[in-house]
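Here is a short briefing on one protein chain and its ligand. It covers the fold, the ligand shell, the helix packing and a few individual residues.

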Amino acid sequence: MTEQREKRAPRNRTITLAEADCELYRSRLQRLSGPTTLEEVLDHTICQDLFEILDFLPPCSVDLIFADPPYNLSKSFNRYSFAQVPLLEYEQWLESWLGRLARVVKPTGSVYVCADWRSSTAVQSVLERLFTVRSRITWEREKGRGSRNNWKNCAEDIWFCTASDDYVFNVEDVKLKRRVIAPYTSLEGKPKDWHESSEGRFRLTYPSNIWTDVTVPFWSMRENTDHPTQKAEKLLARIVLASSREGDIVLDPFLGSGTTSVVAKKLKRHYIGIEIDELFCCLAEHRLSMAELDPGIQGYAGGVFWERNTLSDQRRHKPPTRQPETVQPTLLSGIPNGTRSSR
Ligand SMILES: C[S@@+](CC[C@H](N)C(=O)[O-])C[C@H]1O[C@@H](n2cnc3c(N)ncnc32)[C@H](O)[C@@H]1O
């Protein structure tokens, strides 16, 4: 990850940064040395260890937290590594930051925390102590190593909690647009809960807690970086749209490549991102610059979420891309690296 400029295939759109880009983005990063006001951190990336700054963030200030922490696996994130520990120890680690982060959430706020199947029970028990747990979303990740003696692991959990019973849930904003296979009609021949358009027959359905329409970012997607566990913008868009309003504040304490901040910005929310690794912070800043030029989110177009393999239909709803102003994204061509780690 530190050497960003390897040779890649022409159609590979993975974002990489040159040293000059990093220099520019580094100057935008924030570091906190004491308690801060909301204005100081709003729409910024804080490049620091979460544990150093947890108590500096203003109380009752954010509407939505999305946390995608390192799972309980031995894994490297560029310069920092996470070592697998006994599950009880992992639970204590979760409690050590979630317990302190809870005070930052507004009484009307929501919290989402990601987990794999092994650590999900630990995440749930910590969340039950701190918030009202509302649902466990299962995301079918699709990618994962096949196994001869076990079930292929290709699902992750995302726990949804709220601070109280008074919370935002914009269900109309997160409906899924599905192609109609069986176009039932009423006795008068009128469509039953589907509509016909120039693109075909579609139905808008209520979103469930099983998400099968979101892929892991891969090399031909504009949002892809070399971050080993990057989440898709489409996944974040569903969470941000459901659990916040325009102008609200979204916090990600493990920002990684910046997905949460980028989506918050594209959807007209404010963001605060915290990430320990400087290169990932620079990637996040770069993606935030790209968001100014292209506010589109792959898989979300025309105000609805589209199921997989509907790209041509979605293109008709794509918002226009603006011409670059000052910062030019450095998109290097590259080798289809294809497989993002299955964590
Ligand atoms: C699972 S990844 C998050 C990926 C992110 N959701 C994305 O879409 O790119 C977890 C991130 O947490 C960061 N991290 C780990 N420990 C941290 C700490 N103590 N403070 C801040 N960031 C930390 C890692 O560097 C890594 O980028």
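At what angle do the axes of helix α4 and helix α5 cross, and within what distance do they come? The crossing is at roughly 35°, and the axes of α4 (residues 87-101) and α5 (residues 120-130) come within 9 Å. This is a predicted model. The points below start with the whole chain and end with single residues.

**Overall fold**

- The protein chain contains nine helices and 15 strands.
- It has 343 residues, of which 38% count as buried.
- Long-range contacts carry a high share: among contacts with a separation of 6 or more, 70% join residues 24 or more positions apart.

**Ligand shell**

- The ligand is surrounded by 20 residues.
- The closest are L50, F254, G256, S257 and T259.
- Two elements give two or more residues to this shell: α3 (50-53) and β13 (270-275).
- By class, the shell holds nine nonpolar, six polar and five charged residues.

**Helix pair α4 and α5**

- α4 and α5 cross in a right-handed sense.
- On the α4 side, the contact uses L87, Y90, E91, L94, E95, L98 and G99.
- On the α5 side, A122, V123, S125, V126 and L130 meet them.
- The residues of this contact divide into eight nonpolar, two polar and two charged.
- An α-helix has 3.6 residues a turn, so residues three or four places apart point the same way.

**Helix pair α6 and α7**

- Helix α6 spans residues 233-243, and helix α7 spans residues 259-266.
- Their axes lie 9 Å apart and pack at an angle of about 60°.
- That angle makes α6 oblique to α7.
- The crossing of α6 past α7 is right-handed.
- α6 contributes E233, L236, A237 and V240 to the contact.
- α7 contributes T259, T260, V262, V263 and A264.
- This contact comprises six nonpolar residues, two polar and one charged.
- T259 of α7 takes part in this contact, and T259 is also one of the residues closest to the ligand.

**Burial of α6**

- α6 is mostly covered, with 10 of its 11 residues buried.
- The buried residues include the contact residues E233, L236, A237 and V240.
- Charged side chains are on the buried list too, among them K234 and R238.
- Also buried in α6 are L235, I239, L241 and S243.

**Helix pair α7 and α8**

- Which way do α7 and α8 run relative to each other, roughly parallel or roughly antiparallel?
- The axes of α7 and helix α8 (residues 278-293) cross at roughly 20°, so the two helices are roughly parallel.
- The two axes come within 9 Å.
- This crossing is right-handed.
- S261, V262, K265 and K266 of α7 meet A284, R287, L288 and A291 of α8.
- The contact has four nonpolar residues, one polar and three charged.
- V262 appears in the contact of α7 with α8, and V262 also meets α6.

**A buried strand residue: I65**

- I65 sits in strand β2 (residues 62-67).
- Why does I65 count as buried?
- I65 is buried because 26 other C-beta atoms lie within 10 Å, and the cut-off for burial is 20 or more.
- Leaving out residues up to four places away in sequence, I65 touches L101, V105, V111 and L251.
- The C-alpha atoms of I65 and I249 are separated by 8.7 Å, although the two residues are 184 residues apart along the chain.

**Positive phi outside glycine**

- Most residues other than glycine have a negative phi.
- C60 is not a glycine, yet its phi is positive, at about 45°.
- C60 lies in the loop between α3 and β2.
- C60 counts as exposed because it has 12 C-beta neighbours inside 10 Å.
- K268 is not a glycine either, and its phi is positive at about 65°.
- K268 belongs to the loop between α7 and β13.
- K268 has 13 C-beta neighbours inside 10 Å, so it counts as partly exposed.

Key
Residues are numbered from 1 along each chain as its sequence is written. This is a predicted model: local features need pLDDT of at least 70, side-chain atom pairs count only at pLDDT 80 or more; totals for chains, interfaces and linings use all residues. A residue is near a molecule or strand if its C-beta atom, placed from the backbone, lies within 6 Å of it. Helices (H or I, at least four residues) and strands (E, at least two) are DSSP runs, numbered from the N terminus. Ala, Val, Leu, Ile, Met, Phe, Trp, Tyr, Cys and Pro count as nonpolar, Asp, Glu, Lys and Arg as charged, and the others, Gly among them, as polar. Two residues are in contact if their C-beta atoms, placed from the backbone, lie within 7 Å. Axes are lines fitted to C-alpha atoms, for helices over the stretch in contact, and angles run from 0 to 180 degrees between N-to-C directions. Angles under 35 degrees count as roughly parallel, over 145 as roughly antiparallel, 65 to 115 as roughly perpendicular and the rest as oblique. A crossing is left-handed if the near helix is turned anticlockwise from the far one by less than a right angle, and right-handed if clockwise.
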